[in-house]
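Work through the exercises below with the sequence and the coordinates open side by side. Each task is followed by a solution that goes step by step.

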Amino acid sequence: MPIGNTQPSVRLASAGRAGGPAATSSAHRGGTRPRRTRSGLGAERFAPYILVAPAVLIIVALRLYPLILGVNFSFTGDGDRNGEAVGFGNYQELFGDPLFRTALGNVGLLVLLLPVAVAIPGLLATFIYLRVPGHRFYRSVYFFPAVLSPVIVGAIFNLLLAFDGPVNAVLGSVGVGPVDWLGDPDVAMFVVVGVHIWATFGMALVVFLAGFATLDAALLDAARVDGASLRQVVWHVIIPSLSRTIQFVFVTTMIGMLTSMFGLLFVMTSGGPEGSTYLPEYYIWIQQGQMNRPALASAASTILFAIMLVVGMLQIKLLERSGKVD
C-alpha cells in the first residue's frame, strides 16, 4: 500500500516539475516586451551629436574662429595704417616680393618630391611586414629620428654637411670634390628637404605598419602561389589594399612638409643662401617676428592655407581617378 500510494504522487510531482519551466517560459513569451519610450529613442538619436560636440566646439574655438579672424585681418594695413581696410593690397605686395615668390616655388618643389617622401616609408614598411632578416631591429632604428627635435637634427647635419665636414671628407677620399651642401642655392633646398624626410618618415612608417595589420594575408599567399614577383605583389596587392592608408599618409606628409620645416630651416640655412630655402612658414615668421607686419603675415598665412587645401583636394582626386581609393 505505501508503494502503490507513492506512484501517483511521483507522477504528479514530475508533472509539476516539467510544467514549471514550461509554464514560466510560456508566461515570458506571452508577456509584453518592454517598449522604448519616445524619450529613449530621442536620446539614442542625439547621442552621436552629443559625443562629438566637445571636439567640434574645440575645433571651432581654437581653429576655425582664429582662421576667420586671420583672413579678415589680412585685409587691413600695418604700421601707420594699422586697422585700416586696404583691400587686396597685402596680397599684391606679397606677389610682388621676390622672396615670397621663391617660397611659392619651393612649395611646388615639395609637391613634386611628395611621392618620394611617401614611397620611402611605404617600401620600408613593406620589407618589415615581409619579415626581412633583422626586421625587428630596423623597426626601432627607422623610428628613432622621429623622436629627435628638429633643432637637434639640424645641428647634427650642419656638422656632417659642413664644407670641411665628414661627408665631404668621405667624398674627397674617393676622388670627388667637396660640395657646398648648405651654401649652394641650387643644392641647399634639396638638402633641407632630404633631411626633413629622414627625420620624419618614422611616423609615416608606423602608419603604414598599422595599415599592414589590416591586410588580408590570404591575398599575399595567393599571389605567391600564382608566381607573382615582389614588384607585382606590391603594385597589384599591397597598394590597392592600403589605398586609404596611402591617402592618409599623402595628406599628412604634405601638411608636415609645408608647416613643420621651420626648425630645420632656421638652424640649417636661416632662409639662405640668397633666400633660396624660403618657405611660406619661414616668410610668415620673418614678417611677423622681425618686420612687425602682422597683417602681411596674415595674408601669407591665408595663401598657405589655400595652397594646402587645394593640393590636398587634388591629391584625393588623383588617387580616386587612378583607382587607388574606393
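The exercises concern a predicted model, and they move from the overall fold to the surface, the pocket, the aromatic rings and the backbone.

**Exercise 1. Describe the secondary structure of the protein and state what share of its residues is buried.**

Step 1. The secondary structure comes to 14 helices and 0 strands, and the pattern read along the sequence is accordingly α-α-α-α-α-α-α-α-α-α-α-α-α-α.

Step 2. Of the 326 residues in the protein, 33% are buried.

**Exercise 2. Find the residues that form the nonpolar patch on the surface, and assign the patch to helices.**

Step 1. The patch is formed by Leu51, Val52, Val56, Val60, Leu64, Leu67, Ile68, Phe305, Leu309 and Met313, which together have about 890 Å² of accessible area.

Step 2. Two helices, H2 (38-73) and H14 (294-321), each supply at least two residues of this patch, and the largest share, 7 residues, comes from H2.

Step 3. Take Leu309 as an example from the patch: Leu309 is placed in helix H14, and its relative accessible area of 48% makes it partly exposed, because only a value over 50% would count as exposed.

**Exercise 3. Which residues lie closest to the centre of the largest pocket, and which helices supply its lining?**

Step 1. The largest pocket has a volume of about 610 Å³. Its lining consists of 21 residues, of which Arg63, Leu67, Ser301, Phe305 and Met308 are the closest to the centre.

Step 2. At least two lining residues come from each of H2, helix H11 (243-259), helix H13 (280-290) and H14, and the largest share, 9 residues, is that of H14.

Step 3. Phe305, a residue of helix H14, appears both in the nonpolar patch and among the lining residues closest to the pocket centre. With a relative accessibility of 38%, Phe305 counts as partly exposed.

Step 4. The C-alpha atoms of Phe305 and Ile255 are 9.8 Å apart in space, although the two residues are 50 residues apart in sequence.

**Exercise 4. Classify the aromatic pairs Phe88 with Tyr91 and Tyr129 with Phe212, and describe the setting of each ring.**

Step 1. A pair of aromatic rings is described by the distance of the centres and the angle of the planes. In the whole structure a search finds 15 aromatic pairs.

Step 2. For Phe88 and Tyr91 the centre-to-centre distance is 6.1 Å and the angle between the planes is 55°, which is a tilted arrangement. Phe88 counts as exposed at 58% relative accessibility, whereas Tyr91 counts as buried at 12%.

Step 3. For Tyr129 and Phe212 the ring centres are 4.7 Å apart and the planes are at 20°, so this pair is stacked. Since Tyr129 lies in helix H4 (residues 98-129) and Phe212 in helix H8 (residues 188-212), the pair ties together parts that are 83 residues apart in sequence.

Step 4. The accessibility of these two rings can then be read off: Tyr129 counts as partly exposed at 25% relative accessibility, while Phe212 counts as buried at 2%.

Step 5. Beyond these pairs, Phe95, Phe100, Phe262, Phe266, Tyr278, Tyr282, Tyr283 and Trp285 form one aromatic cluster.

**Exercise 5. Locate Ala119, and state how far its C-alpha atom is from that of Ile246.**

Step 1. Ala119 lies in helix H4 and is partly exposed, with a relative accessible area of 37%.

Step 2. Ala119 and Ile246 are 127 residues apart along the chain, and their C-alpha atoms are separated by 9.3 Å.

**Exercise 6. Examine the backbone at Pro273, Glu274 and Asn292, and place each residue in its loop.**

Step 1. Most residues other than glycine have a negative phi, and most peptide bonds are trans.

Step 2. The peptide bond from Gly272 to Pro273 is cis, with omega near -5°, and Pro273 is found in the loop between helix H12 (262-268) and H13.

Step 3. Glu274, which also lies in the loop between H12 and H13, has a positive phi near 60° and counts as exposed at 75% relative accessibility.

Step 4. Asn292 is found in the loop between H13 and H14; its phi is positive as well, near 55°, and with a relative accessible area of 59% Asn292 is exposed.

Definitions and conventions:
Residues numbered from 1 in each chain as written. Predicted model: local features only at pLDDT ≥ 70, side-chain atom pairs only at ≥ 80, totals over all residues. Heavy atoms only, no water. Patch = residues over 30% accessible without salt bridge, like charges linked within 9 Å, V, L, I, M, F, W, Y side chains within 5 Å. Areas by Shrake-Rupley, 256 points an atom, 1.4 Å probe, with all protein chains shown as cover. Salt bridge = Lys/Arg side-chain N within 4 Å of Asp/Glu carboxyl O. Helix = DSSP H or I, 4+ residues; strand = E, 2+ residues; numbered from the N terminus. Buried < 20%, exposed > 50% of the residue type's maximum accessible area, 1.4 Å probe, protein only. Phe/Tyr/Trp six-rings, centres within 6.5 Å; stacked < 30°, edge-to-face > 60°. 1 Å grid on protein atoms, 1.4 Å probe; cavity = no way out; pocket = protein on both sides within 12 Å on 5 of 7 lines; lining within 4 Å. Points joined across faces, edges and corners; volume = space filled by probe spheres on them.
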